[in-house]
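Subject: Model for you to look at

Hi,

Here is the model I mentioned, with my notes underneath. Could you open it in your viewer and follow along as you read?

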Amino acid sequence: MAHVSAGVEYALHCLLYLVDAQELQQPASARDLAELQKIPAEFVAKLFTKLQKAGIVGAREGIGGGFALARPSDRNHRS
């Protein structure tokens, strides 16, 4: 059985949340994502810095800003 780190698991949960947020066209803040999983916002910010550098998410600053998926998700896509 493969094991993933807690950080990877938290990142995956956040990305799944962003799929729903994308449909509503509402980015999610690091604070919102941290509260959702009951982890420190600083930890989420570090995770999302790595995800942003990898091109998986994008960030918008300011009012109404937050993190969003860098590309549209396709819920119906099966590989």
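A quick definition before the helices: I call a residue buried when its relative accessible area is under 20%, exposed when it is over 50%, and partly exposed in between (1.4 Å probe, protein chains only). Helices (H or I, at least four residues) and strands (E, at least two) are DSSP runs, numbered from the N terminus.

This is a predicted model, with local features needing pLDDT of at least 70 and side-chain atom pairs counted only at pLDDT 80 or more, while totals for chains, interfaces and linings use all residues. Residues are numbered from 1 along each chain as its sequence is written, and side-chain values use heavy atoms, with hydrogens and water left out.

**Helix α2**

I'll start with α2, where A30, L33, A34 and Q37 are buried. They cover an arc of only 100° around the axis, which puts them on the same side of α2; the arc is that of the directions from the helix axis to the C-beta atoms. The general background is that an α-helix has 3.6 residues a turn, so residues three or four places apart point the same way. On the other side of α2, R31 and E35 are exposed.

What do the buried residues of α2 pack against? Their partners are α1, α3 and β2, with contact meaning heavy atoms within 4.5 Å.

The loop between α2 and α3 holds K38, which sits just after α2 and has a positive phi of about 60°. K38 is not a glycine, and it is exposed, with a relative accessible area of 75%. As a reminder, most residues other than glycine have a negative phi.

**Helix α1**

Helix α1 covers residues 6-23, and at 1.5 Å a residue its 18 residues should span 26 Å; the end C-alpha atoms are 27 Å apart, which agrees. The expected span here is 1.5 Å times one less than the number of residues in the helix.

Its buried residues are G7, A11, C14, L15, L18, V19 and A21. They cover an arc of only 165° around the axis, which puts them on the same side of α1. The face turned away from that buried side carries the exposed residues L16 and E23. What covers the buried residues of α1 includes α2 (30-37), α3 (41-53), β1 (57-60) and β2 (66-69). Just after α1, Q25 takes a positive phi of about 55°.

Two other α1 residues are worth a click. H13 is in this helix and is partly exposed, at 42% relative accessible area. Its C-alpha lies 17 Å from that of R71, with their positions 58 residues apart in sequence. V8 is also in α1 and is partly exposed at 39%.

V8 also joins V4 and L12 in a nonpolar patch on the surface, and the three have about 260 Å² of accessible area together. Such patches are made of residues with over 30% relative accessible area and no salt bridge, joining like charges within 9 Å and nonpolar side chains (Val, Leu, Ile, Met, Phe, Trp, Tyr) within 5 Å. A salt bridge is a side-chain nitrogen of Lys or Arg within 4 Å of a carboxyl oxygen of Asp or Glu. The areas come from the Shrake-Rupley method with a 1.4 Å probe, and for residues only the protein chains shown count as cover.

**Helix α3**

The 13 residues of α3 should span 18 Å at 1.5 Å a residue, and its end C-alpha atoms are 18 Å apart, which agrees. V44, L47, F48 and L51 are its buried residues. They cover an arc of only 95° around the axis, which puts them on the same side of α3. E42, K46, K50 and K53 are exposed on the other side. The buried residues of α3 pack against α1, α2, β1 and β2. After α3 comes G55, with a positive phi near 80°.

**The strands and their loop**

Strand β1 contains G58, which counts as partly exposed at 27% relative accessibility. Which residues does G58 touch, not counting those up to four places away in sequence? They are G66, F67, A68, L69 and A70. G58 and F43 are 15 residues apart in sequence and 17 Å apart in space, C-alpha to C-alpha.

G65 lies in the loop between β1 and β2 and counts as buried, at 18% relative accessibility. Leaving aside neighbours within four places in sequence, G65 is in contact with P27 and R60. The C-alpha atoms of G65 and A28 are separated by 7.5 Å, though these residues are 37 apart along the chain.

Cheers
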